[in-house]
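Good morning, colleagues. I would like to take a few minutes to walk through one model, beginning with a single loop and then widening the view.

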Amino acid sequence: MSESLQKVELELIVQGEVQGVGYRQYVAKIGRRLKVAGFVKNLNNGTVQIRCKGDEKAISEFKEKIDKKNPDNAPLIYVEDIEETRLAQGTIEQTGTDFVEIYDDPSAEMSQGFSTGMSYMNLFRINTQENLTLLRTETKANFEHMDEKYDAISAGMFAIVKIIEERNQTFENRMEKTEKNIESLLKILTDKKS
């Protein structure tokens, strides 16, 4: 048999922030996607037990994907350590790609589910608040920057208007002088003719 087709059965004990954060669902989804058989369940000491079986390649990928700190699709999960024990062939009952989540007392599970949901809602609220604060800060900075640019543009426009007014005044003064010179010249010419 080639190495990638060799079947492996393992027990993994996962430590960290792995209960009440959706870790079982996360693990089960990965197990089913990779066609690994087994189960995942919470233990009373705060760890999570995983028993899995499949070909070595799939199991290796499975272990890599479940050993996460704050993954994007489940950011409250924080795996600190995974203890691995190899099991004898035939120890795990699940077959094919049957990967299940094992739950305890339904009322305790429901309570934990609500708690998990509230934790993610709180994380969403915090992230939304941080993003809105960042948006406000950036918007305010952009408007302040725009004010600076507007002030510079406005000052430039007023300077141009002032230059135009000064030039206009200079032009009017020259025109007045020219008119007076023409009048004086006309008077001289008229006086000479008479």
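Please look first at Thr47, which sits in the loop between E2 and E3. What you see is a predicted model, and the remarks that follow should be heard in that light.

Is Thr47 buried or exposed? Its relative accessible area is 8%, and because the limit for burial is under 20%, Thr47 counts as buried. The side chain of Thr47 makes a polar contact of 2.6 Å with that of Asn45. Which residues does Thr47 touch beyond those up to four places away in sequence? They are Ile13, Val14, Gln15, Val18 and Gln19, together with Lys41 and Asn42.

Let me turn to a second position in this loop. Leu43 lies between strand E2, residues 37-42, and strand E3, residues 48-55. Leu43 has a relative accessibility of 23% and is therefore classed as partly exposed. If we set aside neighbours within four places in sequence, the contacts of Leu43 are Ile13, Gln19 and Gln49. Ile13 and Gln19 appear in the list for Thr47 and also in the list for Leu43. Leu43 and Ile13 are 30 residues apart in sequence, while their C-alpha atoms are 9.2 Å apart in space.

I now move to the helices. Helix H1 covers residues 23-33, and its buried residues are Tyr23, Arg24, Tyr26, Val27, Ala28, Ile30 and Gly31. After H1 comes Lys35, which has a positive phi, near 60°.

Helix H3 spans residues 106-193, and Ile164 is found there. Ile164 is exposed, with a relative accessibility of 54%. Ile164 also belongs to a nonpolar surface patch of about 420 Å², which it forms with Ile153, Met157 and Ile160.

Finally, the protein as a whole. How many helices and strands does it contain? There are three helices and five strands, and along the sequence they follow the order β-α-β-β-α-β-β-α. Of the 194 residues, 24% are buried. The exposed area is about 14,000 Å², with 55% of it supplied by carbon and sulfur atoms. Turning to contacts between residues at least 6 apart in sequence, 78% join residues at least 24 apart. The contact between Leu43 and Ile13, which are 30 residues apart in sequence, is one example of such a pairing.

Thank you for your attention.

How values were computed:
Residues numbered from 1 in each chain as written. Predicted model: local features only at pLDDT ≥ 70, side-chain atom pairs only at ≥ 80, totals over all residues. Heavy atoms only, no water. Helix = DSSP H or I, 4+ residues; strand = E, 2+ residues; numbered from the N terminus. Buried < 20%, exposed > 50% of the residue type's maximum accessible area, 1.4 Å probe, protein only. Contact = heavy atoms within 4.5 Å. Areas by Shrake-Rupley, 256 points an atom, 1.4 Å probe, with all protein chains shown as cover. Polar contact = N/O pair within 3.5 Å; in protein donor to acceptor, adjacent residues only side chain to side chain. Patch = residues over 30% accessible without salt bridge, like charges linked within 9 Å, V, L, I, M, F, W, Y side chains within 5 Å. Salt bridge = Lys/Arg side-chain N within 4 Å of Asp/Glu carboxyl O.
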